[in-house]
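Student: Hi! Could you walk me through a few spots in this model?

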Amino acid sequence: MSGKREQNKRWGRLPGLLALLAATALLLPSAAISRGVDSPLEEIPAAVIGGARVIPDLEEAPPEEPPAALDEAGEPDEPSVPEEPAAPAEPVEETLPVEDTYFETAAFLGDSRTDGFRLYSGLTAGTYYVATGATVESVFSKAVDTEAGNMPLLDAMAQAETDPERIYVMLGVNELGWPRTEDFHDQYAKLIDRLRQDHPESEVILQSLMPVSKLQEEKKSYVNNERIALYNQVIRQVAGEKDCPLVDVAAAVTDEEGCLRADWTYDGVHLNTAGCQAWLAYLRTHAVGWEAQPPEEGP
């Protein structure tokens, strides 16, 4: 009996011992578990759904404002205002017609379309740097036959004895298949920089791309007027960024449907004699650095 009374005494003292241990635990520092600063998700309570631990979303705290920048005098610095992107260039307005002597100091840089202009427009003045298949990229590196020898078109231009007063650029048709118009934009801008580096006194003039005929449109190839219109937007943007005059020669050869006039082309893309003469007539009446056409007088 005495043994049972002793056992009962011990069981009776157990609740008191448990309470004492709990109180002592509150006074002791808790053990720290090192998880590293790169593992914050270990601290987030996770629920178990279907055997997988799912960490609940946390509401992000608002970002802290960065400290104000100070100038050299220790005063708050004024925030910089980002530059607005340049507006696309507006086409050169109509001018009084110029004589062919206006083009004697001009250079024409382009592909087979410009070569056709050289052959069929009737203009004998000016210097031509042209190659079939030329692009805003190949003019830098692709060697072609020139009057100065076999070399890239830009190198041939750089070796000319005198700089042209104006450089007319017509490139882009052979680039219509490029997957990114950004590449065309950047390479065209690079071309302008190179021309200005080689010919600092020359005026670089960009020409819009002329459309293709309705017959060419029906072929459903990448050489189409929708693509050409997109590239003309890029050319306008580059002209605005680089402060280059833009001559919208496309307006001279476009019919009511937005296509190249059928009677001004022999293959739907390149211009025949009549088309090249219309092109020249537009350049004559949209001369850069020339007197503007006076407004028509009313009745």
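Tutor: Happy to; we'll take a histidine, the cysteines and a helix pair. This is a predicted model, where local features need pLDDT of at least 70, side-chain atom pairs count only at pLDDT 80 or more, and totals for chains, interfaces and linings use all residues. Residues are numbered from 1 along each chain as its sequence is written, and side-chain values use heavy atoms, with hydrogens and water left out.

Student: Where is His199 placed?

Tutor: His199 is in the loop between α5 (181–198) and β8 (203–207). Helices (H or I, at least four residues) and strands (E, at least two) are DSSP runs, numbered from the N terminus.

Student: Is His199 buried or exposed?

Tutor: Buried, because its relative accessibility is 1%; the cut-offs are under 20% relative accessible area for buried, over 50% for exposed and in between for partly exposed (1.4 Å probe, protein chains only).

Student: And which residues is His199 in contact with, leaving aside neighbours within four places in sequence?

Tutor: Met157, Ala158, Asp163, Pro164 and Ile167, where contact means heavy atoms within 4.5 Å.

Student: New topic: how many disulfides are there?

Tutor: Zero, taking a disulfide as a pair of cysteine sulfur atoms within 2.5 Å. Cys244 counts as buried at 6% relative accessibility, and Cys259 counts as buried at 6% too.

Student: Last one: what is the handedness of the crossing where α5 passes α7?

Tutor: Right-handed, meaning the near helix is turned clockwise from the far one by less than a right angle, with anticlockwise being left-handed. The contact includes Phe184 and Tyr188 of α5, and Leu230 and Val234 of α7.
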